[in-house]
2 protein chains.
Amino acid sequence: MNKNSNILLNHGSGGRLTHDLIQNLFFKYFDNEILSSQTDSALLKIDSKNIAFTTDSYVVDPLFFPGGNIGKLAVCGTVNDLAVSGAKALYLSIGFIIEEGFSFDDLKIIVKSIAEEAKKANVKIVTGDTKVVNKGKCDKLFINTSGIGLLQEKNKEISSGKNIEFGDKIIINGFIGDHGMAVLSARNELNFEANVESDCASLNNLIQNVLDKSDQIKFMRDATRGGVGTVLCEIAENRKFGIEIDETKLPVRENVKGMCEIFGFDPLYVANEGKVLIVVSNEDAEEVLKTIKNNSLGVEAAIIGEIINEHHGLVVLNTEISGRRIIDMPAGEQLPRIC
Amino acid sequence: MNKNSNILLNHGSGGRLTHDLIQNLFFKYFDNEILSSQTDSALLKIDSKNIAFTTDSYVVDPLFFPGGNIGKLAVCGTVNDLAVSGAKALYLSIGFIIEEGFSFDDLKIIVKSIAEEAKKANVKIVTGDTKVVNKGKCDKLFINTSGIGLLQEKNKEISSGKNIEFGDKIIINGFIGDHGMAVLSARNELNFEANVESDCASLNNLIQNVLDKSDQIKFMRDATRGGVGTVLCEIAENRKFGIEIDETKLPVRENVKGMCEIFGFDPLYVANEGKVLIVVSNEDAEEVLKTIKNNSLGVEAAIIGEIINEHHGLVVLNTEISGRRIIDMPAGEQLPRIC
């Protein structure tokens, strides 16, 4: 933070610079136990009840992309943040910052998507706010959603990952990188049809199925900005275990793989909006995988790796060509404004 | 909404067009009892507990103004929304949307202000999010704060105003219009020293004093965008009573009055960020006024009017020169981006 006296795009990328910003600035000044536990949702004890509370701003560009729009995204993203904490998502707030001159028709489509997705996810938008700024003072539309969920005592350690052990398996619920490539393909500057749709979806039902199935769920996180690679690094970071991932098990669509090759991206770091990494005991892994596969949002689920008693603090990828490489936290984001 | 197919600045002004937008678009699609009750915070029943939940985005321009900055504002505004609902503010979320190139030093000052004000208001920032957008894609910095508070059963009807009766008195806790004029004076285009400071302050302690003093508090609302005039119209709107306000009782600083005259503003519609309108029974009014005056944020408090059995649905102002005029909901905002 000393080297740069101005905010860079990468401070919002979810990678290293974001981590630094949070650690060195926000945690420093907002110092409290709940915030610094770094869970996806704030876990609140309110008058003896455990409440999960989370917030996210959405600045995706463009607003509309194959498979969704900023409104759908704003619901899914926040619902998923609550769900991966082990909480039952209940209520959302929504804050719009709209550029003067923005089309009503577009706003209506977005608002409808929000309502539809909220209905699907069985959450209520219970409070909101609207600001409009002068033309040129924001990029069309930004949305903030905050969410509240109810957390059962037995799920309290899922977001901390405290109970992760050697031998635990790591599951992903399907193809990775779809969201990032769908947004990229929707950007005006590109002149090709990618036929990739965003995976943008609310995962709370799938996650509830998983929690109903097993009481051996050690950790969950949705792999959004920074992709699966970043989440794996976050799991391993500063822990007394390593992670081993099998590249051949990673579900990646052929066209996403192709796009990534063309643009020089690694699918491991490309954003998803409907993918969750689940760490589960070896014992329960197959049953949980089956449960996930039975859900329409988990048909392509796979066990992609495990927690190992080697390479402590590191994520090791066994590559398709029988090599090994270390998966690092990305220094910056490959694609800005993906969510 | 049929006439304009694009969003106008006034859709975010808090006046008529904002009301129309909320009624005709958001309520229509997000339809649920809690949202449509139009309280300042969403009042949630979570597992038998009453939780208040609110959200606000802050886009004030400039970010720094006499008496505060966007960070302090983002805490006070959301704390006050919870407090006027009768809830004890507990937790805040904070979401930053930052323009690439924004100064770290400025961000640090703002973050410090947030932390200081949160400490003063005795609330915790428990979750957050940071997005950075390309230079030119937002105006320096926007902040969203959402908040959660605990609401006692006995205070549940304060935000609905259901219990308002003829003869109830209306109290304001001090000078009106300071915030709007302070922000205006800080704008670069103006070349004069106004010596007006924003009244930006967290009112939860003052409001708690009031609630401890009287169980006859019928309604409270902070008079932010749209000012005292807009809140009075909201109280009277569609109700079986009228409101009578005495202009001579309205506390307005001489320099604010002067600025308003120069720029053609009506102090009644100028934004405040530390003012609450309280409707209280005639019986308890004097005691509550005394309690407010004993708080440093209420020294200049005054009873400015009452609920009457005339002019149903209207707000009538008895002017200084013994005239009468109807206070209308403003069609648009006099000053955009005031909060």
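User: What makes a residue pair count as a polar contact across the interface of chain B and chain A, and how many are there?

Analyst: Keep in mind that this is a predicted model. A pair counts when an N or O atom of one residue sits within 3.5 Å of an N or O atom of the other, with one able to donate a hydrogen and the other able to accept it. Across the interface of chain B and chain A, 13 residue pairs pass, with both residues at pLDDT 80 or more.

User: Which parts of chain B form the side that touches chain A?

Analyst: Quite a list! Each of these elements of chain B brings at least two residues: helices α1 (16–29), α2 (33–36) and α4 (104–121), plus strands β1 (42–46), β2 (49–58), β5 (87–99), β6 (124–133) and β7 (141–151). Sorted by class, that side of chain B has 39 nonpolar, 21 polar and 16 charged residues.

User: Why is the pair R225(A) and D129(B) called a salt bridge?

Analyst: Check the distance. A side-chain nitrogen of Lys or Arg has to lie within 4 Å of a carboxyl oxygen of Asp or Glu. For R225(A) and D129(B) the N to O distance is 3.2 Å, so the pair fits the rule.

User: And what makes D56(B) and K131(A) a salt bridge?

Analyst: Again, go by the cut-off of 4 Å. The side chains of D56(B) and K131(A) come to 3.1 Å, N to O, so they qualify. This pair crosses between chains, with D56(B) in strand β2 of chain B and K131(A) in strand β6 (residues 124–133) of chain A. In total, chain B and chain A have 4 salt bridges between them, and a search of the whole structure gives 41 over all chains.

User: How do you know that the copies meet through the same surface?

Analyst: Compare the interface residues: 100% of those in chain B are also interface residues in chain A, so the same surface is used by both copies. Chain B puts 76 residues into the contact, and chain A puts in 76.

User: What links the two copies, and why does that suggest a particular axis?

Analyst: A turn of 180° with a shift of 0.0 Å along the axis lays chain B on chain A, with an RMSD of 0.0 Å. The copies are therefore related as by a two-fold rotation axis. In chain B, C138(B) has the C-alpha nearest that axis, 2.0 Å from it.

User: How much area do chain B and chain A bury, and why use area at all?

Analyst: The accessible area lost when parts come together is often used to give the size of an interface. Chain B and chain A bury about 6900 Å² between them, with 71% of it on carbon and sulfur atoms.

User: What is the contact like inside chain A, between domain 1 and domain 2?

Analyst: Domain 1 covers 9–155 and domain 2 covers 169–327. Domain 1 of chain A gives 31 residues to the contact and domain 2 of chain A gives 27. Together they bury about 2200 Å², 51% of it from carbon and sulfur atoms. P66(A), N80(A) and V84(A) supply 24% of the area that domain 1 buries against domain 2, more than any other three residues.

User: How many salt bridges and polar contacts join domain 1 and domain 2 of chain A?

Analyst: There are 0 salt bridges between these domains, but 7 residue pairs are in polar contact, both residues at pLDDT 80 or more. On the domain 1 side, α1 (16–29), β3 (64–65), α3 (70–84) and α4 (104–121) of chain A each bring at least two residues. The most come from α3(A), with 10 residues.

Terms used:
Residues numbered from 1 in each chain as written. Chains lettered and ligands numbered in written order. Predicted model: local features only at pLDDT ≥ 70, side-chain atom pairs only at ≥ 80, totals over all residues. Heavy atoms only, no water. Domains from an automatic or database assignment. Contact = heavy atoms within 4.5 Å. Buried area = accessible area lost by both parts, 1.4 Å probe. Polar contact = N/O pair within 3.5 Å; in protein donor to acceptor, adjacent residues only side chain to side chain. Helix = DSSP H or I, 4+ residues; strand = E, 2+ residues; numbered from the N terminus. Least-squares fit on C-alpha atoms with pLDDT ≥ 70 in both. Nonpolar A, V, L, I, M, F, W, Y, C, P; charged D, E, K, R; others polar.
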